[in-house]
Protein chains: 2
Amino acid sequence: MYRSHTCGELRDSHINTDVVLSGWVHKTRDKGFVVWVDLRDRYGITQLVFDQDRTSAELLENARNLGREFVIQVKGSVIERASKNDKIPTGNIEVLVKELTVLNTSKTPPFTIENDTDGGEDLRMKYRYLDIRRNPVKNNLIFRSKVTMEVRKYLSQQGFIEVETPYLIKSTPEGARDFVVPSRMNEGQFYALPQSPQTFKQLLMVGGMDKYFQIVKCFRDEDLRADRQPEFTQIDCEMAFVEQEDILNVFEGLTRYLLKEINGVEVDTFPRITYDEAMEKYGNDKPDIRFGMEFGELNEVAQHKDFNVFNNAELVVGIAVPGGNAYTRKEIDQLIDWVKRPQVGALGMVYCRCNEDGSYKSSVDKFYDQEDLAKWAKVTGANPGDLICVLSGETHKTRTQLSALRMELAQQLGLRKSNEFAPLWVVDFPLLELDEETGHYHAMHHPFTSPKPGQLELLDSDPAAVRANAYDLVLNGNEIGGGSIRIHDKETQSIMFKHLGFTPEEAKAQFGFLMDAFQYGAPPHGGIAFGLDRLVAILGGQETIRDFIAFPKNNSGRDVMIDAPAPIDNAQLEELHLKLYL
Amino acid sequence: MYRSHTCGELRDSHINTDVVLSGWVHKTRDKGFVVWVDLRDRYGITQLVFDQDRTSAELLENARNLGREFVIQVKGSVIERASKNDKIPTGNIEVLVKELTVLNTSKTPPFTIENDTDGGEDLRMKYRYLDIRRNPVKNNLIFRSKVTMEVRKYLSQQGFIEVETPYLIKSTPEGARDFVVPSRMNEGQFYALPQSPQTFKQLLMVGGMDKYFQIVKCFRDEDLRADRQPEFTQIDCEMAFVEQEDILNVFEGLTRYLLKEINGVEVDTFPRITYDEAMEKYGNDKPDIRFGMEFGELNEVAQHKDFNVFNNAELVVGIAVPGGNAYTRKEIDQLIDWVKRPQVGALGMVYCRCNEDGSYKSSVDKFYDQEDLAKWAKVTGANPGDLICVLSGETHKTRTQLSALRMELAQQLGLRKSNEFAPLWVVDFPLLELDEETGHYHAMHHPFTSPKPGQLELLDSDPAAVRANAYDLVLNGNEIGGGSIRIHDKETQSIMFKHLGFTPEEAKAQFGFLMDAFQYGAPPHGGIAFGLDRLVAILGGQETIRDFIAFPKNNSGRDVMIDAPAPIDNAQLEELHLKLYL
């Protein structure tokens, strides 16, 4: 038996008990006559004491020679601590060691195993097993485990069945790029790893499973943007005999349950806004509504003056920055530079100070008088002491730019509080999205999403106007879930495929099994999928997903710890009927 | 709202309630003046009634025209049923329909959606979504979901953390063949899909996670034997600061918990036998101990007579078949033919009838007198009325043959009862196994398994004699779990790799990260993995795993429903820097 207790367990009540502990040497303090060792495991830290009065010289010497991260086992008795440490739960006691066994030594770790480590990202990833010893990473992984347990608990209680769908499936040209897996037994053929279990969960609905969920790995071979992973985890759900309303209710319930159980936060009924409204008010289909700063459209009040920049613009739109009049001229110039960065892409920014005395001072005073500016203030909801920032140009671009500015300002003003949670539903997404490069429409959600009733006809005349039974759950400016009511009849699905540019032959080759299934009594159904990595990070009050993943990959899709991917030998290639072609 | 209740929900107490139901038309009975429809969903069947007195002519006609597996919605009121059906929970009521909506039609399904379907395996797999509508398959999937929930519940309560390990890892030449995944971003390099998360869970132990588990898909590109799948699911576990005893206790606890919660069966402390004992007593390292028929070694009592077949044999071994004296001569000849089949491979079988009067009649009476045969009976534990079956030859082969016969006889005699559960631990497995083809030793469990204390030295002199800290959990003749205490120091791991034929360079290239990790304070650790598919099938009282998997693959590794694997297009191949070579 390696231990009688963990390093986080001993309290006053254990004083005078004989114990056996095992763990890592976190820290050693050598005062000559006495040596203290902080012994660490997953559960906490316990102070060990060796001193010359009560400890043999040999044992004291051995304690003195312990290195950081050595793995040791000690036998001893729990005693009261002279100087208590109320920062840790075991701080009232220490263990007077009678026997010490080194279970394993350790080289000096390449970074400190502390909450604030001196290790950079690269080093931490290479030695991820050491990084995981650090509380922040360890606690994130434990937190993630807890979240998934609660998700399963809630969905099971609601009658959902967790069904495992296959990982070795078929490649489809649609959507993102698949990872493929050559088949040895089927020469020249490939499996694909699922980008999501979409078609399988729909087939489970055709199969009468009624309520399905799965916490499942998905795969996308995309060029990795920051904070994206080639493999990611999804809470994947589907229900039969439901309308959009039913799905929103169930998964609002799940989200509310998690916020309560995990964060101890009670939230009201989630607001719902349409995609169009979200774009108008926030310039963004995943608005962060922890703070206001809603867009005010200024076309009516700012055009038809002599300021041609605005007159020629499709949209003039502003936001009121609370307390923003406190910005210095230099700070405002920095904001202007910020919106002009290529990543944002605005040509400039007009601003208007709202002075405490009710007067206004704008960067375009030449064209606008106090009465004009008072109208700006009214439309943007600016109060004395605020700053109005105005952008103009093509509608969609300008909204996107102002959204970026809104988020940047909120960040600067500390309005994006990680312990505040503001969920909302964005509904009525467009069915199709124009790919500006190819001029083709593609499915905004995916090709299985149903159009709003009666809008199928619009697909020919005005495809961009068609709205879908599609919805996103947004939390603190992040899309954490998205789904739709699906098409469940072969005809509608065929029309969709046609509009997405599939020939009937292509549609049959790729999705014939699904369209076949639709002919054997497919029920109305719909679902949603949550991005677990992101959800957990947000519930954990953090921005990046990487430290909620035990062994993440870097931006080149590499696991630097195990050094993968890697070449394979020729025999293996030959068995797969493949040749490299570099 | 598609339904107010499910089809399994309505009882007497609902009589006179207005309800809305949705589901599949399971069956229609048309008596002219009245039409009954069995409406089915996941939760049950509810009888709908349409009759000419209470239903409009149009509605009656519509009901009459409903086809099997049509998806319909009905509104109506719950009424008491004239002739009750006590076979189903809703059998006291029926729903008098006032409104009928066909939500979707259905072609006639290719097989009947009944417990005993007329569909063959191939058809069922091609239309798996219809197969899943059948109770046996549907219930298996629900059962599986329940088992995994209970596993997670138990392990969480024991302090285990579920950690997701990566699916895109590195190929290792050791063990079974990997599925590989070409990397687009890292030219000419490949990921591999994990055969198990073995090294990652060990790294989590190095990382101080202390108790890890995961229910996880694993992949093996092997030629598929019956009832094997290229992707399968494992309950994967690892613990730090443990000895074998700790692990056996925790996972005996898990197994006992599952038997209790899932099957309502209380089992005693699991017997433990060594690998050597299992081979001696049952000729098998996964003995089915729901019944006796233990081997009796007859060398002492059957050799040194004039029967040269036995005299020249390394091993003479028999079993007593309870009541086997009832076999006719013809049936015994069939048994002899059975053991001579190439799959079993015995050259012949000697038998001895134990007559009710205490006399014996053997097939080798020429060489053995009654006293000799009485000794056979004593050694094999045969009673009057039994039949003793004896095989002889090379030890290992003969044991394997007799084991096969033992299982066949138990099957014939109905001793393998699916509702009886007899778990046991098999411990002290050999560390290495000789590959007779290559003459090399390979790891019996895997290269990370630790030898018994003090036996490392034996590796040079007598590798086959080295025993490992390795154990299997066996249930009803199936290995449902296996694990070991791992090596946790670099030196021992290097020695192991050397004995497995790795050069130091190869070991470093493949497992350098693990050996590095061992130098930074790796704790003693060990673990186990359960085959979930098999475990669920056994708990479900069934033999084959396929119907506990939603979308299984056939013996060629194909998903015949979606028709995967499939060719991919040249552009995709080019992006991956690959050429087909057929």
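**Exercise 1. Symmetry of the two copies**

By what turn and what shift along the axis can chain B be laid on chain A, and with what RMSD?

Solution. Start with the ground rules. This is a predicted model, in which local features need pLDDT of at least 70, side-chain atom pairs count only at pLDDT 80 or more, and totals for chains, interfaces and linings use all residues. Residues are numbered from 1 along each chain as its sequence is written, chains are lettered from A and ligands numbered from 1 in the order in which they are written, and side-chain values use heavy atoms, with hydrogens and water left out.

Step 1. Superpose by least squares on the C-alpha atoms of residues with pLDDT of at least 70 in both copies.

Step 2. Read off the operation. A turn of 180° and a shift of 0.0 Å along the axis lay chain B on chain A, with an RMSD of 0.1 Å.

Step 3. Name the relation: that is a two-fold axis.

Step 4. Check the surfaces. Both copies use the same surface, and 100% of the contact residues of chain B recur in chain A.

**Exercise 2. The interface**

Determine the extent and make-up of the interface between chain B and chain A.

Solution. Step 1. Count contacts (heavy atoms within 4.5 Å). The result is 122 residues of chain B against 122 residues of chain A.

Step 2. Take the buried area, the accessible area (1.4 Å probe) that two parts lose on being put together, summed over both. The two chains bury about 11000 Å² between them, with 61% of it on carbon and sulfur atoms.

Step 3. Find the top contributors. Glu164(B), Phe241(B) and Tyr520(B) supply 8% of the area that chain B buries against chain A, more than any other three residues.

Step 4. Count polar contacts. The criterion is a pair of N or O atoms within 3.5 Å; within protein, one must be able to donate a hydrogen and the other to accept it, and residues adjacent in sequence count only if both atoms are side-chain atoms. Between chain B and chain A, 65 residue pairs qualify, both residues at pLDDT 80 or more.

Step 5. Locate the main element. Helices (H or I, at least four residues) and strands (E, at least two) are DSSP runs, numbered from the N terminus. Helix H4 (residues 135-157) of chain B gives the most to the side of chain B that touches chain A, with nine residues.

Step 6. Sort by class. Nonpolar means Ala, Val, Leu, Ile, Met, Phe, Trp, Tyr, Cys and Pro; charged means Asp, Glu, Lys and Arg; the others, Gly among them, are polar. The side of chain B that touches chain A has 64 nonpolar, 26 polar and 32 charged residues.

**Exercise 3. Salt bridges**

How many salt bridges does the rule find across the interface of chain B and chain A?

Solution. Step 1. Apply the rule: a side-chain nitrogen of Lys or Arg within 4 Å of a carboxyl oxygen of Asp or Glu.

Step 2. Count. The interface holds twelve, and the count over all chains is 83.

Step 3. Take a pair between chains. Arg177(B) meets Glu575(A) at 2.8 Å, N to O.

Step 4. Take a pair inside chain A. Arg546(A) meets Glu121(A) at 3.2 Å, N to O. Arg546(A) is in the loop between H16 and H17, Glu121(A) is in helix H2 (residues 121-126), and the two are 425 residues apart.

**Exercise 4. Strand pairing**

Trace the pairing between the chains and then the open sheet of chain A.

Solution. Step 1. Strands pair if DSSP finds at least two bridges between them. E23 (residues 578-580) of chain A and E23 (residues 578-580) of chain B pair in the antiparallel sense over three bridges. Lys579(A) has Lys579(B) as its bridge partner.

Step 2. In chain A, eight strands form an open sheet in the order E6-E9-E10-E22-E21-E20-E17-E11, with mixed pairing.

Step 3. Find the edges. E6 (161-162) and E11 (272-274) of chain A each have a single partner strand, so one side of each lacks a neighbour in the sheet.

Step 4. E6(A) and E9 (residues 211-219) of chain A pair in the parallel sense over two bridges. Ile161(A) stands opposite Tyr212(A).

**Exercise 5. Backbone exceptions**

Which peptide bond that ends at Pro565(A) is cis?

Solution. Step 1. Recall that most residues other than glycine have a negative phi, and most peptide bonds are trans.

Step 2. The bond from Ala564(A) to Pro565(A) is cis, with omega near 0°. Pro565(A) is in the loop between helix H16 (532-539) and helix H17 (570-575) of chain A.

Step 3. Phe241(A) has a positive phi, near 55°. Phe241(A) lies in the loop between strand E10 (231-240) and helix H6 (244-263) of chain A.
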